[in-house]
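Colleague: Before the discussion begins, may I ask you to place the structure before us? I should then like to ask how certain of its labels are justified.

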Amino acid sequence: MKAILSAVILAIGASTLASAQTMPFDMSRERPQTSAPTVPRAAIPAPATAQSTPAPKEAPATSANSDFQRYVVPFTNFRLEGEYDRKSWSIYLTPEQAAAPAKFNFAYQNAVVVAPEASQLTIFLNNRPIGQQQIGSPDNPSTISFDVPRGLLQPGANLVSFEATQRHRTDCNIQSTYELWSDIDPARTYLSFAEENAQKLSGTDAIRAIGVDGAGKTEFNLVVPALAQPGTTKPLLRLTQGLSVLSGMPNETFSFSTDSLPPPGPGKMTVVVGTPAELQSLFPTPAAAQNAALAAFVRDPRSGSTVLLISGPSWQSVSAAIDIVVSPTDRDPDVRRDLLLTQRWTAPDAPLIFSETSLSFSQLGIETTEFSGRRFHTSFNVAIPADFYANAYGEATIYLDAAYARNVRPGSHIDVYVNGSIATTKPITSPGGGIFRKLPIRVTMRHFKPGLNTVTLEAMLLTDDDEVCAPGTTADKAARFALFDTSTFEMPDFARVAQRPNLAALAGTGYPYGRGNAPTALFIDRTDPDTLSATATLLGQMAIVAGHPIAVDLIASPGSAGDRNAIFIGPISQIPTTTLSQMNVAAASQASWRPPLPGQVAPQETAATVDEWRSRIGGGLLQVQLRSFQDWMHRNFDISGSSLQFIPGAEQIFTPSNLNSFMIAQGEGATANSTWTIVAAPSAKDLRAGANAITSLGEWSQIAGHVTVYSAKTGKIDTVPVSRFDFVTTQPWSFTNYRLIAANWLSSNILSYALLLIASSLLIGITTAGVLAKIGRRG
């Protein structure tokens, strides 16, 4: 029946009526990846059909043999760096796309210092190499095309991997390895399908397979004629969160309009929502929508594009149609999940670690690798729950299985980074080569945070040959280092207690809004398209990290929130002043927060003026030396002024700068049992632009502290650290957990620890003296 209907639609073409077929929303899990046999890198020939031709950078991505393309790079910029780099993620294909003949196309340009005779770029699909390209395009981008073997693609998730091995033309030192790079152009990297049927959309396969555009972005455009009517906002926000979770893409945005359908394009999906009466002048609805809830992909007779239609005779029916789409993504917040879903931009999914855990490198996606260069690096991801509290005393451990060659000399070392910050260094001290078996490398946990964490292992390998750097040694293929996938990463037990405020927990796992069964109170003063678009984009990103849509209830005033967690979204002039004061944000910001217009010189900030005067009248040599000493203590011993306080200071009133265009602040709600978060900007337009920017892949992980602000002018994100926080119990009482909480708190407050140590010593001394006095012995 479906095939017949598709043929009829294609035959009619320009018909004035929309033909629709209600498709079941199949929510079966994605097919697990199957590992193909490992093929030695040197044995991978470039396919005979591969074509390499220079292409101007501004040339659009086209394919002479296909009418349909799927962009595959989920990043705005994609670079492979150093002597060895590999990045993997998954793309979701419909059954029609998986069955169609396909080609993999990409364009790249590399640094001029990359030696083409010793540098290779290999493309993998589902762990099988489909082609290898010599890296040799320093002057202009080159386009490459590989045939995809029939049967390799599968319906559902397909793993895409780019692997680069690069060597320097002339230099042999470690510093020169930072000059090696190859840029992959996302706008010209795509799968092209030779069958028109590959464009067919049906059920949730189409939502999951929305993909990205040429800039790595995904956009959902909702057309809702009744957008301003009461009662439509709540189901619409549930719909946007469900779409966000289903697609799982890293750079998603939502937009709302009322009167026209946006043009179709890659990485875009149009969703038309409303009753047949509301859509009458905008979009022809099938007769089925007159009598019952309808959620189906239908063809727009005007543009020929396929849109997701959600309709019904009333908004109650429309809400039921929304549930058809969204309900399979619902999950009980009290049920613990084991993975943080990240495969759409970095594979594999990150395991969630809740207690003492040991994970092998093979489980973390790192394969056994032999390396012949000077600087080897690889990374893996782990996820931490929102109530992680072990940043001041804990240590994770990497038990390393590796080997180094005889010519690697002492002075070489292995570095471990956590989220881009150096965590530890392990020197190589023995000459003559060696094999490490479970070599412990301890990693301080101060750089771990709730949500996704990236651990990078980097080996710096020195040899005498590199000092000489004779011709040809830069391309030496003799292995210097080997990393084995039997290595393990072990996380110890850590304290489990949440903190309020903690924006890093919101960005990491959606805490506290992703937990509990009570709906989150949501305050939106005006539901204009810009404000609603910003709200949908922000809640969609929170739903992804929480793993399910977040239930919301709209409220008209802060008092309606009661003791529930709440979110306040809107231009700052529409945020209640009582809420601003509750979050320690200056209420005067409603009038003063006005970013300068283009071409307008911003007035000097009061804080900047105060700092300038302070430097004039107090900038003596003693103060400079004191500040230098404080910086040295913090850099070497992690001791700051805040750690030398018996009682944390009060939270300072925050006033956003006119250089900022977007703000998120969090604090205690009206009651001690609730957390409130405000999301504000000077205007609704700034709010939408700021939400789109801060929810993107590179920026979302930077949200932290008590306040986070973003500047559209500079693209910079700044955070205000938490001065005073409250503990929020998340785990049943246990002596072990409370002991770990006390250990971390005392490690963060060293004066309190010192006072407790002195008091304990005095108590022991007094007790000992009393005991000795009673048994008749005196000093």
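Colleague: What makes Asn584 count as partly exposed?

Modeller: Please bear in mind that this is a predicted model. The relative accessible area of Asn584 is 22%. Buried means under 20% and exposed means over 50%, so Asn584, at 22%, is partly exposed. Asn584 is found in the loop between α10 (577-582) and α11 (589-592).

Colleague: What is notable about the phi of Asn584?

Modeller: Phi of Asn584 is near 60°, a positive value in a residue other than glycine. Asn419 also has a positive phi, of about 55°, although Asn419 is not a glycine. The loop between β23 (413-418) and β24 (421-427) holds Asn419.

Colleague: Why is Asn419 called partly exposed?

Modeller: Its relative accessibility is 27%. Since the partly exposed class lies between under 20% and over 50%, Asn419 therefore counts as partly exposed.

Colleague: How do you know that Cys172 and Cys469 form a disulfide?

Modeller: The distance from S to S is 2.1 Å. A disulfide requires the two cysteine sulfur atoms to be within 2.5 Å, so the pair Cys172 and Cys469 qualifies. A search of the whole structure finds one disulfide. The link of Cys172 and Cys469 is right-handed, with 75° about the S-S bond.

Colleague: Why may one say that this pair ties together parts that are apart in sequence?

Modeller: Cys172 lies in the loop between β9 (156-165) and β10 (181-184), while Cys469 lies in the loop between α7 (464-468) and β27 (481-483). The pair therefore ties together parts that are 297 residues apart in sequence.

Colleague: Is Cys172 buried or exposed, and which class holds Cys469?

Modeller: Cys172 has a relative accessible area of 2%, which is under 20%, so Cys172 is buried. Cys469 stands at 25% relative accessibility, so Cys469 counts as partly exposed.

Colleague: Why are β12 and β13 said to pair?

Modeller: Strand β12 (residues 218-223) and β13 are joined over six bridges, in the parallel sense. A pairing requires at least two bridges, so the two strands satisfy the criterion. Thr218 stands opposite Glu252 in β13. Between these strands, the chain crosses from β12 through helix α4 (residues 233-247) to β13, and this β-α-β crossover is right-handed.

Colleague: What makes β13 mostly covered?

Modeller: In strand β13 (residues 252-257), five of the six residues are buried.

Colleague: How do you know that α4 is largely enclosed?

Modeller: Twelve of the 15 residues of α4 are buried, so the helix is largely enclosed by the rest of the structure. Among these buried residues are Thr233, Pro235, Leu236 and Ser247.

Colleague: How does the span of α4 agree with what is expected?

Modeller: At 1.5 Å a residue, the 15 residues of α4 should span 21 Å. The end C-alpha atoms of α4 are 21 Å apart, so the two values agree. Just after α4, Gly248 takes a positive phi of about 65°.

Colleague: Which value accompanies the label cis for the peptide bond from Ala347 to Pro348?

Modeller: Omega is near 0° in that bond. Pro348 is found in the loop between β17 (339-340) and β18 (350-351). The peptide bond from Arg500 to Pro501 is likewise cis, with omega near 0°. Pro501 has its place in the loop between β29 (498-500) and α8 (503-509).

Methods
Residues numbered from 1 in each chain as written. Predicted model: local features only at pLDDT ≥ 70, side-chain atom pairs only at ≥ 80, totals over all residues. Heavy atoms only, no water. Helix = DSSP H or I, 4+ residues; strand = E, 2+ residues; numbered from the N terminus. Buried < 20%, exposed > 50% of the residue type's maximum accessible area, 1.4 Å probe, protein only. Right-handed = clockwise from strand over helix to strand, strands pointing away. Expected span 1.5 Å × (residues − 1).
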